[in-house]
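Please go through the structure shown here. The report below covers its ring pairs, salt bridges, a hairpin and some overall figures.

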Amino acid sequence: MKFAWKVTLATLCILLLSTGVGSYLLISLSFQSALEREIVVAQDEMQMLRLSYEAVCNARGVNLENIGERSRSLARTLEEVAYFTDHRFCITTQSGETIYSTLDSGSDRELLEQIDQRSSGYVLRLDEPTQRRLLHCAGAVVLPDGILYMETVRDVSRLFTDRETQYDVYRWIVLLVVGVSSAVMFALSYWLTTPIRSLGKVANQLAQGDYSPRARVMGGDEISELAEHFNHMADAIEKNVQELENTARRQEDFTASFVHELKTPLTSIIGYADMLRSRDLAEELRFKAASYIFSEGKRLENLSLSLMNLLVVGRSETDARGVNMRQLCQEAARISQPAMKAKDLTLSVRAEEGVILGDAALLQTLLQNLLDNARKATDGGGRVFLVGRKTEEGYQVTVADQGRGIPSQELDKITEPFYMVDKSRSRAEGGAGLGLALCKEIIGLHRGQMRFESREGKGTIVTVTLGGVADA
């Protein structure tokens with residue numbers, strides 16, 4: 001069952017229960033109060049009529065001994081007085097003999113047995129022939145030598161008719177209230193549950209793989225807070241899915257690139273090895289073939305070492321110790337100097353004193369990779385700069401070259417494994433596209449940052465900021 005229907009039915013049940021019980025009690029209490037008033041009025045009238053009858057009897061000298069003889073004259077007297085003719089009553093003796101009666105029914109002996117000289121009584125009964133509700137009252141008429149009984153009847157059918165009319169009106173009112181309340185409550189429930197239905201649609205779209213929809217946030221109630229939390233959850237899910245998709249894509253690209261990087265040297269090695277195995281070659285061709293096999297083998301060796309370093313660094317933690325960055329920069333420059341000279345490049349080093357917490361071996365690998373990339377990107381006769389300076393955040397290392405530069409649209413991709421801006425030139429230089437990926441992992445372990453600035457034909461500037469300043 002829909003939540004809107006549940007709210008509607010629950011509200012209607014509460015409404016019907018409260019109004020039904022309340023209205024029934026109200027009608028019953030009103031009827032009971034009116035009936036009690038009628039009983040009081042009927043008894044008061046019976047008492048007044050009884051006292052008046054006693055006065056007439058005393059004035060006429062009527063007693064139990066002569067009442068039989070004077071009954072006719074007494075009846076004429078009663079018929080001449082308007083007060084008596086306006087009321088219906090009967091007079092009976094203790095033995096049950098009727099002295100005078102204007103009632104349509106007989107005497108009620110059970111009621112008479114319940115009263116005495118000082119008390120009166122009443123009974124409510126249904127007159128079967130006429131289906132009227134009658135209030136039958138009785139009291140004692142005291143004469144000098146004994147008592148008689150007076151009985152009066154008051155028609156109270158109107159009270160019962162009014163009660164039934166009120167019940168009928170109440171039923172129609174309940175039906176009207178139920179109809180109107182059902183429509184209003186359903187409309188209100190449907191409106192209140194609109195955000196919930198919206199959440200359901202968005203959740204269904206998320207389940208089907210569409211992570212862009214978001215729930216509408218309306219108002220400031222609990223449902224709106226739920227919608228906001230749901231949207232935050234959807235954002236997190238979308239972000240995580242995108243990260244998983246990017247990770248899967250990077251893994252696929254990594255595998256494809258790795259296979260490609262393996263295939264190229266292996267093809268050359270297999271081809272030249274087969275040539276040496278199956279043919280008699282001149283000394284010059286044999287040496288050339290062996291040289292190709294050697295160079296491609298070294299390339300595979302460099303590839304495997306770089307890949308191993310990348311995997312090891314990506315799954316390890318730094319051995320944080322105080323590292324003298326000036327000495328580290330000078331050592332990296334010393335190691336890179338022979339390769340720079342072989343390409344007729346000038347390496348300029350200017351490093352300030354500064355000590356940071358880090359892994360000296362990994363930071364050495366970082367600087368050498370940055371210098372090696374600068375060497376590969378710069379033609380003979382150019383300059384490469386290595387600058388280190390102490391900052392408020394830690395220590396900043398800058399490697400700048402005057403080489404070919406990197407297109408702006410490529411800057412976001414150069415730290416991906418096996419990515420090479422110029423593949424043919426990189427392979428000719430012995431590169432495999434893992435150097436900057438390794439640098440990124442090393443910087444991540446040191447909680448640092450790396451920024452690239454490059455212009456095509458003008459050169460590239462790589463700025464690395466490392467934190468964790470050690471105490472002097």
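One aromatic cluster is made up of Tyr-83, Phe-84, Phe-89 and Tyr-100. The rings of Phe, Tyr and Trp (its six-membered ring) pair if their centres lie within 6.5 Å; planes under 30 degrees apart count as stacked, over 60 as edge-to-face and the rest as tilted. By this rule there are five aromatic pairs. Tyr-24 and Tyr-167 form one of them, a stacked pair with 6.0 Å centre to centre and 15° between the planes. This pair links distant parts of the chain: Tyr-24 is in helix 1 and Tyr-167 in helix 5 (residues 157-192), 143 residues apart. Tyr-24 is partly exposed at 48% relative accessibility, while Tyr-167 is buried at 12%. Buried means under 20% relative accessible area, exposed over 50%, and partly exposed in between (1.4 Å probe, protein chains only). Phe-84 and Phe-89 have ring centres 6.0 Å apart and planes at 55°, so their pair is tilted. Both Phe-84 and Phe-89 are buried.

The model is predicted: local features need pLDDT of at least 70, side-chain atom pairs count only at pLDDT 80 or more, and totals for chains, interfaces and linings use all residues. Residues are numbered from 1 along each chain as its sequence is written, and side-chain values use heavy atoms, with hydrogens and water left out.

**Salt bridges**

The structure holds 18 salt bridges. Each is a side-chain nitrogen of Lys or Arg within 4 Å of a carboxyl oxygen of Asp or Glu. Three of them are listed here.

| Acid | Base | N to O distance |
|---|---|---|
| Glu-54 | Arg-50 | 2.9 Å |
| Asp-127 | Arg-132 | 3.8 Å |
| Asp-155 | Arg-132 | 3.9 Å |

Glu-54 and Arg-50 both sit in helix 1 (residues 3-60). They are four residues apart, so about one helical turn separates them. Glu-54 and Arg-50 are buried.

Arg-132 has two acidic partners in the table, Asp-127 and Asp-155. Arg-132 is partly exposed, with a relative accessible area of 22%. Asp-127 counts as buried at 15%. The bridge from Asp-155 to Arg-132 has its closest N and O atoms 3.9 Å apart. Asp-155 lies in strand 5 (residues 146-155) and Arg-132 in strand 4 (residues 132-143), so the pair ties together parts that are 23 residues apart in sequence. Asp-155 is partly exposed, with a relative accessible area of 37%. Elsewhere, salt bridges that share partners join Glu-38, Glu-45, Arg-154, Arg-158 and Asp-162 into one network.

**The hairpin of strands 11 and 12**

How do the side chains of strand 11 (residues 449-455) alternate? Met-450, Phe-452 and Ser-454 point to one face and are buried. Gln-449, Arg-451, Glu-453 and Arg-455 point to the other and are not buried.

Strand 11 pairs with strand 12 (residues 459-466) in the antiparallel sense, over seven bridges. Two strands pair if DSSP finds at least two bridges between them. Gln-449 stands opposite Thr-465 in strand 12. Three residues lie between the strands of this hairpin, where Gly-457 takes a positive phi near 80°.

Which residues does Ser-454 contact, leaving aside its neighbours within four places in sequence? They are Gly-405, Ile-406, Leu-411, Gly-459 and Thr-460. Contact means heavy atoms within 4.5 Å. Ser-454 lies in strand 11 and is buried, with a relative accessible area of 19%. The side chain of Ser-454 reaches the backbone nitrogen of Ile-406 at 2.6 Å. A polar contact of 2.9 Å also joins the side chains of Ser-454 and Thr-460. A polar contact is a pair of N or O atoms within 3.5 Å; within protein, one must be able to donate a hydrogen and the other to accept it, and residues adjacent in sequence count only if both atoms are side-chain atoms.

**Overall figures**

The protein has twelve helices and twelve strands. Helices (H or I, at least four residues) and strands (E, at least two) are DSSP runs, numbered from the N terminus. Of the 472 residues, 35% are buried. Among contacts with a separation of 6 or more, 66% are between residues 24 or more positions apart. The accessible surface comes to about 28,300 Å² (Shrake-Rupley method, 1.4 Å probe). Carbon and sulfur atoms hold 54% of that surface.
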